[in-house]
Amino acid sequence: MERNDSIKAIKGVGDKACEMYAKLDIYTVEDLLNHFPRDYDHIKPIRPIYELKEGDIAAVEGRLVARPKVKKAGRLNLLTIQLEDGGPKTIDITWFNMPFLKNTLHMGTSYIFRGQVKVFRERLVMEQPKIYTKTEFYNISGKLKPIYGLTKGLTNNAVTKAVGLALDGIETPKEYLPAEIRKKYDLSGYASSLKGIHFPKDRQTLIESRKRLVFDELLLYLLSLKLIKSGAKPESRYVISPHPDVEKWLAGLPFELTKAQKKAYDDIVSDMETPFVMSRLLQGDVGSGKTVVALAALLQVVKNGYQGAVMVPTEVLARQHFKNFTDLTEDLNIVLLTGSMTAKQKKEAKEQISSGECDIVVGTQAVLQDDVSFARLALVVTDEQHRFGVRQRETFAGKGEKPHILAMSATPIPRTLALILYGDMDLSVIDEKPANRLPVKNALVNTQYRPNAYKFIEKRVADGEQVYIICPMIDESEESELENVTIYSEKLRSSLPEGIRIDSLTGKMSAKEKDEIMEKFSAGQTDILVSTTVIEVGIDVANATTIIIENAERFGLATLHQLRGRVGRGDKQSYCIFMMGTESKKAKERLQILERSNDGFLVSQEDLKLRGQGDLFGTIQSGEKIFLLADIYEDSKILSQASEVAKSIDETELRIMLDKHPRLREKMRYYMGEITL
Ligand code: ADP
Ligand code: MG
């Protein structure tokens, strides 16, 4: 049997079945093999009767205590037996319209039944279970039975059988991935994974098989993407050779880079060393330390005699980065450019930028203005890329002559995914936090808890730590139950002992005011900062250990996760208190996702699930599902591994691979359409 034979080549699949399979878009043996189970039935070992509960799907083993009874139940014929397994309880087992069983089931003999447990008149009941002999059951026990997507007329058994025959009938598929790649990424063989996804021996096999097939899917997709873009990679005028000063600078930092940070940095350095333009997305959860990686990259560029620029979405963040960069480096001319600067300040900044005096620009979108021109811009960095559009990033890059591009983002939101999946960017992921971090402790509470929360922050402040309190709105006209910053601050002041220094920050303040307030807070001159979400992105004050978020139900999970990311940035234990202003069960469920997990990837996944997947591929794929198995959220790590591999395979190698394994060509055509390979 060949993989591209019609499914009629499979024994037992006739014309009629073919019609039904066609409804599932299954025509060839290959199609059938790619019809992966949508779920699995895990056959768990036999359980004692007494511990069974309503709804369990379980296997029980026991002896018949009484002769089988047959009675009429309406038009049905009901056969009931009673089973005991030596424990304190018995279970009634019933079958409809199978009176003949009466003669096969014998008193005193031991049987195994498997089915769903119900409770009826306080008795345990199992309806229509399957009957197994000991040998039969021990053969399947512990295994996962595939459950396939079906269509009317096609049973799960029939599909299972056909898949089994197809797997046995085809020649063992050849491996196409080199052994070293499989070893590096811990990937099982293709042939065994194909078997393993249909008929997994156990859960581990299933996980490993799925991983391999997901990897294949993503790799072939990315290779397709690569072919589509091939030849398009622009040459760079800025070949940056790694400068020893930067290594020295890194060694002189008060901390050591994490492994993930080093890896990301190495990716960037080796990108910029090639004669091609870098286009890289640096992804890492809040607090994973992206800024310092970007700064190291900028230093490389400067040491090579060029300019670099960073664009951030808020003034507050621009000033923070500016200060941070200035503090961390020596002898550099770092220039700030934001919309709120005076005309004179801006003019001066622009002059330095265009004359080439300036080494690094840190700015808001003000850097995109027409009259900003660079002398020799070799690297642009967009921080919090998800706040910008792709176009803004491109405009930014347009400020130079094809400079290298580094985009940074903390949330795996659709745009970022689009960048990975459809875009032109390579990906580096910082998937660990600095080692000294303790996970943030979360509490989800209602407003009755507020007095306790205040006591708690009083203690934190007494210990010399700082606190953020987030209020949703500033506008007085907002609904009355909404706490607004001004009123809130007053109330807070009267509930806390004198001497605690409280300040407030809102988006409506002038940039100068905001700046002063943030300065004071980061210098430790304020204990509690009451703020709107203006501090959402990027703000980094390590001594702030506690954040209270009022009316947490008003915010999206992604925003809440970002807000929470303002604490847990140093080595002290941090706390996040989500204060709920509602009794809504739904709101609570949603917030519990955050209470349970500090992992941004997980949170955004759950967030998307709650919001429905509808908008995920909305514009790009118009609802079509591109991957059979891969889930770009769940499998984001495999995605980046596959992208590494895709990159390591050059076009000649790829062509050789495709000639040797025609099935890959077929699969890629699925992603690329009719493109000549
Ligand atoms: P984000 O990824 O959210 O932008 P930042 O770059 O602001 O995170 O880093 C958060 C904090 O962690 C900063 O104060 C930074 O100085 C610090 N930091 C970064 N890398 C490390 C490290 N390897 N070890 C300890 N602290 C680090
Ligand atoms: Mg940041």
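H404 belongs to strand β15, which covers residues 404–409, in what is a predicted model of the protein. The relative accessible area of H404 is 0%, so this histidine counts as buried, the limit for that class being under 20%. Its side chain makes a polar contact with the backbone oxygen of Y238, at a distance of 2.7 Å. Leaving aside residues up to four places away in sequence, H404 touches S236, Y238 and I240, then M272, F276, V277 and M278, and also A378, L379 and V380. Y238 therefore appears both as the partner whose backbone oxygen the H404 side chain reaches and among the residues that H404 touches.

A second histidine, H35, is found in the loop that runs between α2 (29–33) and β1 (39–42). Is H35 buried or exposed? With a relative accessible area of 14%, H35 is buried, because the value falls under 20%. When residues up to four places away in sequence are not counted, H35 touches L24, I26, Y148, G149, V159 and another histidine, H198.

Turning to the ligand, there are 16 residues around ligand 1, and of these E256, G287, T291, R437 and D540 come nearest. The table gives polar contacts that involve oxygen atoms of ligand 1.

| Residue | Protein atom | Distance to an oxygen atom of ligand 1 |
|---|---|---|
| S288 | backbone N or O atom | 3.5 Å |
| T291 | side-chain N or O atom | 2.6 Å |
| D540 | polar side-chain atom | 2.5 Å |

Taken alone, ligand 1 exposes 570 Å², and the protein buries 86% of that area. T291 and D540, which contribute side-chain atoms to the contacts in the table, are also among the residues that come nearest to ligand 1.

At the level of the whole chain, the protein has 25 helices and 22 strands, and its C-alpha trace spans about 100 × 70 × 45 Å along the principal axes. Of the 677 residues in the chain, 52% are buried, and H404 and H35 are both buried residues. Among contacts between residues at least 6 apart in sequence, 73% join residues that are at least 24 apart.

The area exposed by the protein chain is about 32500 Å², of which carbon and sulfur atoms supply 51%. How many positive and negative side chains does the protein chain have? There are 96 positive and 95 negative side chains, and the centres of these two sets lie 7 Å apart.

Terms used
Residues numbered from 1 in each chain as written. Chains lettered and ligands numbered in written order. Predicted model: local features only at pLDDT ≥ 70, side-chain atom pairs only at ≥ 80, totals over all residues. Heavy atoms only, no water. Helix = DSSP H or I, 4+ residues; strand = E, 2+ residues; numbered from the N terminus. Buried < 20%, exposed > 50% of the residue type's maximum accessible area, 1.4 Å probe, protein only. Contact = heavy atoms within 4.5 Å. Areas by Shrake-Rupley, 256 points an atom, 1.4 Å probe, with all protein chains shown as cover. Lys, Arg positive; Asp, Glu negative; His and termini not counted. Charge placed at Lys NZ, Arg CZ, Asp CG, Glu CD. Near = heavy atom within 4 Å. Polar contact = N/O pair within 3.5 Å; in protein donor to acceptor, adjacent residues only side chain to side chain.
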